[in-house]
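Thank you all for coming; I would like to walk through one structure this morning, taking it a piece at a time. Please have the sequence and the model open in front of you while I talk.

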Amino acid sequence: MLQVRQLEVHYGGICAVKGIDLDVAPGEKVALIGANGAGKTSTLKAIARMLPASGEVRLDGDDISQAAPHTLVGRGLALVPEGRGVFARLSVRENLEMGAYVRHDSSAIAADIERVFGMLPRLKERAAQTAGTLSGGEQQMLAIGRALMSRPRLLLLDEPSMGLSPIMVDTVFGVIRDVVREGVTLLLVEQNARLALSVCDRGCVMESGRVTLCAPSAELLDNPAVRAAYLGE
Ligand code: ATP
């Protein structure tokens, strides 16, 4: 579904992503793990065309490396950015409606809002509340719910656990598990490597802008170097 070849991201003179290759098959769940500053967020943003980058990105075999970012939603790609990026002055319901802006099937959109409310009852309770006044965890749920409103086939999730209490992390990851169970393909960037590998089939380790290791999650969880560097052992 997603093929990345020789992806490079530069910020002025700094090369943050140094020619990485990455493949994600349909229905696969892949975690991108690594230390702060390894280039994970830059990689996700470059795939979603939110940053200028060189190299090739293919979605369903089509080269999207020059595509306008807003066209990717219609092709089935949705990014939940680090920091969530909810529309602070809009209500929860309006944020969800914004997630469906590429769709015109109003009765199906209304049904999908109810589906999101079913998965995330906290959002239903707060449907009329301004998004900027939600807690961090509620905003994370809203950001995921908003992405689901475009009916993505490939979901790019950036640090969904960041800044959340352990209970809220469990809730948010419960939702992520529900979403991938329905067959959505996932590329997950996450500081909490153990959690990421528990959700994903495969993990790729990024170090200083390079992917240094890709392996099934079970193998990475057993790998002494990975355990020492990323699993706190
Ligand atoms: P974290 O886990 O801390 O979010 P990351 O692996 O997602 O880290 P990136 O955010 O992609 O890493 O950053 C990679 C490198 O690029 C870092 O050295 C960072 O300082 C640099 N960088 C990121 N954004 C910018 C920017 N807008 N301008 C300059 N340098 C940047």
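**A pair of helices, then the sheet**

Let me begin with helix α3, residues 92-99, and helix α4, residues 106-119, which pack at an angle of about 120° with their axes 10 Å apart. That angle makes α3 oblique to α4, and the crossing of the two is right-handed. I should say at this point that we are looking at a predicted model.

Which residues meet where these two helices touch? From α3 there are Val92, Arg93, Leu96 and Glu97, and they meet Ile113, Glu114, Val116 and Phe117 in α4. Sorted by character, the residues of this contact come out as five nonpolar and three charged, with no polar ones.

Turning now to the sheet, you will find that six strands form it, in the order β6-β7-β8-β3-β9-β10, and that the sheet is open and its pairing mixed. The edges are taken by β6, residues 77-80, and β10, residues 210-216, each of which has a single partner strand, so one side of each is left without a neighbour in the sheet. From one strand to the next, the twist averages 15°.

At the β10 edge, the partner is strand β9, residues 202-207, and the two run antiparallel, joined by six bridges; one example to find on your screens is valine 205, whose bridge partner in β10 is leucine 213.

Two helices can be placed against this sheet. Helix α6, residues 136-148, packs on it and touches β6 and β7, with a direction that makes about 170° with that of β6. Helix α7, residues 166-181, lies across β3, β7 and β8, and runs at about 150° to β8.

Next, is helix α1, residues 40-47, largely enclosed or largely open? Seven of its eight residues are buried, so α1 is largely enclosed by the rest of the structure; the buried ones are Lys40, Thr41, Ser42, Thr43, Leu44, Ala46 and Ile47. After α1 comes arginine 49, whose phi is positive, near 65°.

I will finish with a single residue, leucine 197, which lies in helix α8, residues 193-199. Its relative accessibility is 2%, and therefore leucine 197 counts as buried. Leaving aside residues up to four places away in sequence, leucine 197 touches Ala31, Ile33, Gly203, Ser217, Leu220 and Leu221. By contrast, alanine 78 is 119 residues from leucine 197 along the chain, and their C-alpha atoms are separated by 21 Å.

Notes:
Residues are numbered from 1 along each chain as its sequence is written. This is a predicted model: local features need pLDDT of at least 70, side-chain atom pairs count only at pLDDT 80 or more; totals for chains, interfaces and linings use all residues. Side-chain values use heavy atoms; hydrogens and water are left out. Axes are lines fitted to C-alpha atoms, for helices over the stretch in contact, and angles run from 0 to 180 degrees between N-to-C directions. Helices (H or I, at least four residues) and strands (E, at least two) are DSSP runs, numbered from the N terminus. Angles under 35 degrees count as roughly parallel, over 145 as roughly antiparallel, 65 to 115 as roughly perpendicular and the rest as oblique. A crossing is left-handed if the near helix is turned anticlockwise from the far one by less than a right angle, and right-handed if clockwise. Contact means heavy atoms within 4.5 Å. Ala, Val, Leu, Ile, Met, Phe, Trp, Tyr, Cys and Pro count as nonpolar, Asp, Glu, Lys and Arg as charged, and the others, Gly among them, as polar. Two strands pair if DSSP finds at least two bridges between them. Buried means under 20% relative accessible area, exposed over 50%, partly exposed in between (1.4 Å probe, protein chains only).
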